[in-house]
Amino acid sequence: MAHRLEKGGRLIDRSQPLGFRFNGRDLEGFEGDTLASALLANDRVLVGRSFKYHRPRGIVASGAEEPNALFGVGAGNRFEPNQRATTTELHAGMEAISQNHWPSLDFDIGAVNAAVASMLPVFSAGFYYKTFMYPRAAWKHVYEPFIRRAAGLGKAPSERDPDSYEHLHAHTDVLVIGGGIAGLAAAREAAASGARVLLVEQTAHWGGRALAEAETRIDGVPAADWATARAAELEADPSVVTRLRTMAAGLYDHGYALLYERVSDHRPGTPGAPRHRLWRVRAKQIVVATGAIERPLTFAGNDTPGVMLAGAVRDYIRLYGVCPGRRAIVYANNDDAYRTALALHEAGAEVVGIVDVRHDAEGALPEMARALQIPIHEGRGIARARGGKRLEGVEIGRLKSGTEIGGAGPAETVDLVAMSGGWSPVVHLYSHCGGKLAWDDTALMFRPHPEAGAPLGPDGEINTRCAGAANGELTSAPCLADARMAGRAAAEAAGFTPGPELPVPAVEEPAEQPVAAHWFTPSRDKYAHGTKHFVDFQNDVTAADVRLAAREGYESVEHTKRYTTLGMATDQGKTSNINGLALLAEALGAPIQKVGTTTFRPPYTPISMGAIAGQAAGPLFKAVRQTPMHGWHAANGADFEPVGDWERPYCYRREGESREAAVRREVLNARGHVGLLDASTLGKIAVKGPDAGVFLDRIYTNMMSTLKPGRCRYGLMCNENGFLFDDGVVVRTGADSFLLHTTSGGSDRVAGHLEEWLQTEWWDLEVYVQNVTDHWAQIAVAGPEARRLIEAAGTDADISADALPFMAFAEGTVAGCPARIFRISFSGELSYEIATPAGHGLALWQALHAAGEAFGAMPYGTEALHVMRAEKGFIMIGDETDGTVTPQDLGLHWAVSKKKDDFLGKRAQSRADLIRPNRKQLVGLSTEDPAEVLPDGAHAVEDIDAPKPMRTIGHVTSSYFSPTLDRSIAMALIERGSERMGETLLFPVGEDKVIRAEVVSPVFYDAAGERQNV
Amino acid sequence: MLLITCPNCGADCAETELAPGGEAHLERFGPGSTDEDFAGYLFTRKNPKGVHFERWRHAFGCGKWFHAARCTVTLEVFGTYPAQVTEPPAEIVERIRARRPNWEG
């Protein structure tokens, strides 16, 4: 059984016991424990059920690569699913629950899957594709809900996250990723050259694997002490920034790195501290010193709780003072695993043997094991691990060939198998942005191969280097030498002159014999219960699945991955990818190099959504633009709607009033008396310069250079494809200055469009463009009483019909506020739009309301604005246009100049497709039933009896109930619409309902325009 | 994420500061041009594997458009230059030839 040792445990503080709860039971650990080490200390060997088969699973690893031990951690609003126990630091009061089981961890009904699977090919590779094909409807209602309940990975939190998260931008000369001996050595060399260094380590401690290795000494002291001392030096160095608990999640082009700092996960709710911090780093040079990950061995029952990675067993003993078993066996293809036998022996466990697939285990480490009288079984393998919720024993056999294992090997009763299939460099980050790998057939690993491609900086030179174990140097002396070189090279490439070489650390370490290739241990009974050889523990992918995929023709590793789901779980195959592709290569009879790896993608381990969002949550999620009158609107019943980035009143509701009633009241009041609209959001762009007129002639479809100062003209803008993209009134404010009004959502786009043409095509023109939208508040005063209202508010401008006719412009003051007065109308009523500097906006708005009381003035919102413009047949960009509509389609020929040689869109408007007669054209629609309002977007058909899918001839672009006309009105784009006046169109709108409407002119109200021209 | 120097203000811009503008040095065809020339101007774009001249705008900075010579394979930026030219300046071409002797641009 797993237990806490009497002494030892470099990282724990035995004077600080911590209480925590696991599946509702109170347990105890120590300060410095991970959740995983604390569970093992309490002999919690069974920690979860597997994804597909619901097999009992235990802790396999001690770090980020852990596939099994995923928990829901925290409670209430701090609950989070799928937390790896091995990287979760224990804190007092922690609550953790296991996942993937029902009704309980000990008795799980889903395990029936596994029983069935032993007889039928259930859940084998491609099972879902093959089984759940038919009947089609069953997928949605039967298969998927069942599978989701059975196979879910954790529960989503149900409450709002109370914690805060932040982003931090940083620049550095050299970023060193990984705080093991390689990272420390590289950082030290880079800093000695004068470079600014950022050194990060994903765990809470410096030293990496060195902390657990007793057989290695550097500079005369244990490697762990050497690492701790170097880390302390670097922490004190002002040119080095160090961060623990900070994982590099991804490397991107040109030295951009994302780092994920877990600031207060180990102290939840620390006041003033964010929970996570996402570092957005731009580094001139990057050193990747991320170490290596141990591979499991693939044998029958290798997923039984109690089968662990050998390096992890050593970690639990030496770092946490926890021995994961009392009777142990080591199973390996390399020398490194012998260190675990030594550690187990030292911890007082009985090491009943070391099963080594090699025939000649004669290195220094095997000799040390022999000296301790530990039996070594050479040329043998574990044919099967026995046990259910806990390992009971193993059967050992002589390895005959790749597919056969001999009988009569000893059977041993053990509660721990420490396995090691060799080590794989963590090349994930290196591969994220172009680093190429090569298979090393001797060291049995993919290692960086910069000759074939490496991450590059903007100058085209290498900017990222792997160092130490991540570069394939697994033993300490070459690891340190490699890392020191990488650190110096990085500093030099970042523009620093390396100083004199630091003294070479003296390493004492047992020499190691080569690792042997062994990707699969055969079992004796092929189909007996418990003979599954797991490759990917988290996604329950077996060696048989990989071979089945190969037999079924999946030759590409990328296809095999998707077919079997190998490496697609939340651990992204950290322990399984190499084993899986080696098995695939074997099955295909191809070299591993040729099969290659799947693509490594960020993040290295999952990062929180909170960290990705950073501060952009709640009210900061999206910037909202508000006008100077916003507070008044809010205080006067405004029902807001988003318009572009703006918040605008849709209508102003009175006590007990519905939206519809409010809109109706606002429209009728503006038509009958006078209404006030906050039009500040209208885009306003100042265009100045001696060539402004020439420029605007090219930008607008109509002529602007002939506009007289003090006059306004409605203009259309097209793109080079000939399609309408913005419209608005242009005012000539002076001889060489214009004010362009754009749509509310379009001002930035239009300003950018003007700049683009000025800077990149017509740079000979002297024209200056400024987006002044925010500089001005603007108020529309619309209705028969508009003139009298403004006069009552007080103005020094002559706004009489003669002095300021329709489409004229005057400057002066209104109610004491500086004002630009435009006689323009989007409602069809007598209308003035008054612009005042933004700071006066609220005062002018209030003054106009005060003066308007006598005339029955009311504010109106965007919906009344829309209704009134639709009654007048005025188009709205985005309703009547969708990026494929020309001015001619909308009947706006009068606004497209025939005299001008050129304007944007002119050439396109003579293309065959834009002049074909059957284009969709704007029409009005009058429903047969005046109370029936057509749905927006409804499609028209000519023949209602045509078989489905029916050909449609156009669609409704705007549709309202008009309070003015007391009937429904609509506009639509209909094929050959202008030829269809008087025709009745059919609109099937779902079920069996068909709405009939007559094609009419889109101008429903005051076609002669008499109301605005008084 | 690319790092490109704005030739107007000199800032080393992260890609998120910039707005891309597609192929540089397009010749505009207007009224009077043939359908073929006009369609080419509107729709036909180079998509080279290697050296490419492209337009960028320092949208969240000085606001100026500029051109960049960049390798679409290695993402190496050979240089940036103002947008008010109809072909890449000689020193940019020289730099590309020094880095890509086989370039046939």
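**A strand hairpin, two nonpolar cores and a chain contact**

Strands β52 and β53 (residues 994-1000) of chain A pair in the antiparallel sense over 5 bridges, where pairing requires at least two DSSP bridges between two strands and a strand is a DSSP run (E) of at least two residues, numbered from the N terminus. The model is predicted, so local features need pLDDT of at least 70 and side-chain atom pairs pLDDT 80 or more, whereas totals for chains, interfaces and linings use all residues. Residues are numbered from 1 along each chain as its sequence is written, and chains are lettered from A in the order in which they are written.

Within this pair, F987(A) has I995(A) as its bridge partner in β53(A). The two strands form a hairpin with 5 residues between them, and G990(A) in the turn has a positive phi of about 110°. Along β52(A) (residues 984-988), L985(A) and F987(A) point to one face and are buried (20 or more other C-beta atoms, placed from the backbone, within 10 Å of the residue's own). T984(A), L986(A) and P988(A) point to the other face and are not buried.

The largest nonpolar core (buried Ala, Val, Leu, Ile, Met, Phe, Trp, Tyr and Cys residues joined through C-beta atoms within 7 Å) has 179 residues, and among those touching the most other members are V174(A) and A186(A). Helix α5 (residues 181-192) of chain A gives the most to this core, with 9 residues; a helix is a DSSP run (H or I) of at least four residues. A second, separate core of 103 residues includes V767(A) and M971(A).

Between the chains, 22 residues of chain B are in contact with 21 residues of chain A, contact meaning C-beta atoms, placed from the backbone, within 7 Å.

Key
Contact = placed C-beta atoms within 7 Å. Buried ≥ 20, exposed ≤ 12 C-beta atoms within 10 Å, placed from the backbone.
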